[in-house]
Amino acid sequence: MNHFVSNSELVGAQNGNKSAVEISSLNKWYGAYHALRDINLGVQEGEKVVICGPSGSGKSTLIRCINRLEEHQSGSISVNGTRLDDSLSNIRAVRCDVGMVFQHFNLFPHLSVLENCVRPQIYARGTPRRDAEEIARAFLKRVRIPEQADKFPGQLSGGQQQRVAIARTLCMKPKILLFDEPTSALDPEMVKEVLETMIGLAEDGTTMLVVTHEMGFARQVADRVIFMDQGQIVEEADPDSFFDSPENERTKAFLDQIVH
């Protein structure tokens, strides 16, 4: 069984950071299919972790377990000290701390950009409308699309829609951001604007776990890069070590295919 928690705990202790996510001996099955195998992972506050690997390696399943979009069968997950189990109050507490940006935006097409950012605040947090609108406009400005507030998602480019999705997530003031291949549904010319937004968030010190194939982003932003294959973490390292001197043969083969 691979064990990586102690290394991240050491790094966190050296930096004086607190634990944001702790995963221990995590296993998940879909029927007979063993999707996650004995995952051990620690993420410190403010850390940026990029998770990469081939399709079907368990990357998205792993981060979806962190906010209970997927239920694990054995092992443990704790987020900011709250154990993620069958307790509905614990699940709600974790989801208040964790925001997620999906591959396909998940915006409401019949609502304006502003309303997509306002209504979750009102319904999930009880924020008064005037305050919610002020917060929404501030984060639309943060992702550089304040002028799109009154448009509908269908009137925007894919890159703009993804930036709306990021703004909507930020409006909920999460402590941890999960990104599930946020650029994979975009045309190549749209990828840059979304990555620039994510780089800005990273520079702000936001705790981030990012599933992506954008290796330039990983090299520039990540504190650690994790490579998964067949439901396991098979390698993790700082970006320079990961890209320049990977140790696992499977990692080397993956990088040979994906890094140009």
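This short presentation describes the annotated domain, the sheet, several helices and two loop residues of one structure.

Good morning, colleagues. Please keep in mind throughout that we are looking at a predicted model.

I begin with the record. An unreviewed UniProt entry carries the annotation "domain: ABC transporter", and that annotation covers residues 21–255. Within the model, helix makes up 40% of this span and strand 26%. The C-alpha atoms at the two ends of the span lie 27 Å apart.

Let us turn to the sheet. In what order do its six strands lie? The order is E6-E7-E8-E3-E9-E10, and together they form an open sheet with mixed pairing. Strand E6, residues 98–101, and strand E10 are the edge strands, each of them pairing on one side only. From one strand to the next, the twist averages 20 degrees.

Two of the pairings in this sheet deserve a moment. Strand E3, residues 48–52, runs parallel to E9, and four bridges join the two. In that pairing, Cys52 stands opposite Phe227 in E9. Strand E9 itself spans residues 224–229, and E10 spans residues 232–237; these two pair in the antiparallel sense over five bridges. Here Val225 stands opposite Ala237 in E10.

The hairpin of E9 and E10 has two residues between the strands. One residue to look at in this loop is Gln230. Its phi is near 55 degrees, a positive value in a residue other than glycine. Is Gln230 buried or exposed? With a relative accessible area of 58%, Gln230 is exposed.

Next, the helices that meet the sheet. Helix H2, residues 59–66, lies across E3, E6, E7, E8 and E9, and runs at about 150 degrees to E7. Helix H7, residues 188–203, also packs on the sheet, where it touches E3, E7 and E8. The direction of H7 makes about 150 degrees with that of E8.

Beyond H2 we come to Arg68, found in the loop between H2 and strand E4, residues 74–79. The phi of Arg68 is near 65 degrees, which is again positive in a residue other than glycine. Why does Arg68 count as buried? Its relative accessibility is 11%, and a residue is called buried when that value is under 20%. We may set the two loop residues side by side: Arg68 is buried, whereas Gln230 is exposed.

I now move to helix H4, residues 113–125. This helix has 13 residues and reaches 19 Å from its first C-alpha to its last, close to the expected 18 Å. Which residues of H4 are buried? They are Val113, Leu114, Glu115, Asn116, Cys117, Val118 and Gln121. The cover over these buried residues includes helix H5, residues 129–142, and helix H6, residues 158–171. After H4 comes Gly126, with a positive phi near 70 degrees.

Helix H6, which we have just met as part of that cover, has 14 residues. Its reach from first C-alpha to last is 20 Å, close to the 20 Å expected. Because 13 of its 14 residues are buried, H6 is largely enclosed by the rest of the structure. Lys173 follows H6, and its phi is positive, near 55 degrees.

To close, I return to the sheet: six strands in mixed pairing, with E6 and E10 at its edges and with H2 lying across five of its strands, namely E3, E6, E7, E8 and E9. Thank you for your attention.

How values were computed. Residues are numbered from 1 along each chain as its sequence is written. This is a predicted model: local features need pLDDT of at least 70, side-chain atom pairs count only at pLDDT 80 or more; totals for chains, interfaces and linings use all residues. Side-chain values use heavy atoms; hydrogens and water are left out. UniProt positions are given in the numbering used here, feature names are shortened, and annotations may be inferred rather than shown by experiment. Two strands pair if DSSP finds at least two bridges between them. Axes are lines fitted to C-alpha atoms, for helices over the stretch in contact, and angles run from 0 to 180 degrees between N-to-C directions. Contact means heavy atoms within 4.5 Å. The expected span of a helix is 1.5 Å times one less than its number of residues. Buried means under 20% relative accessible area, exposed over 50%, partly exposed in between (1.4 Å probe, protein chains only).
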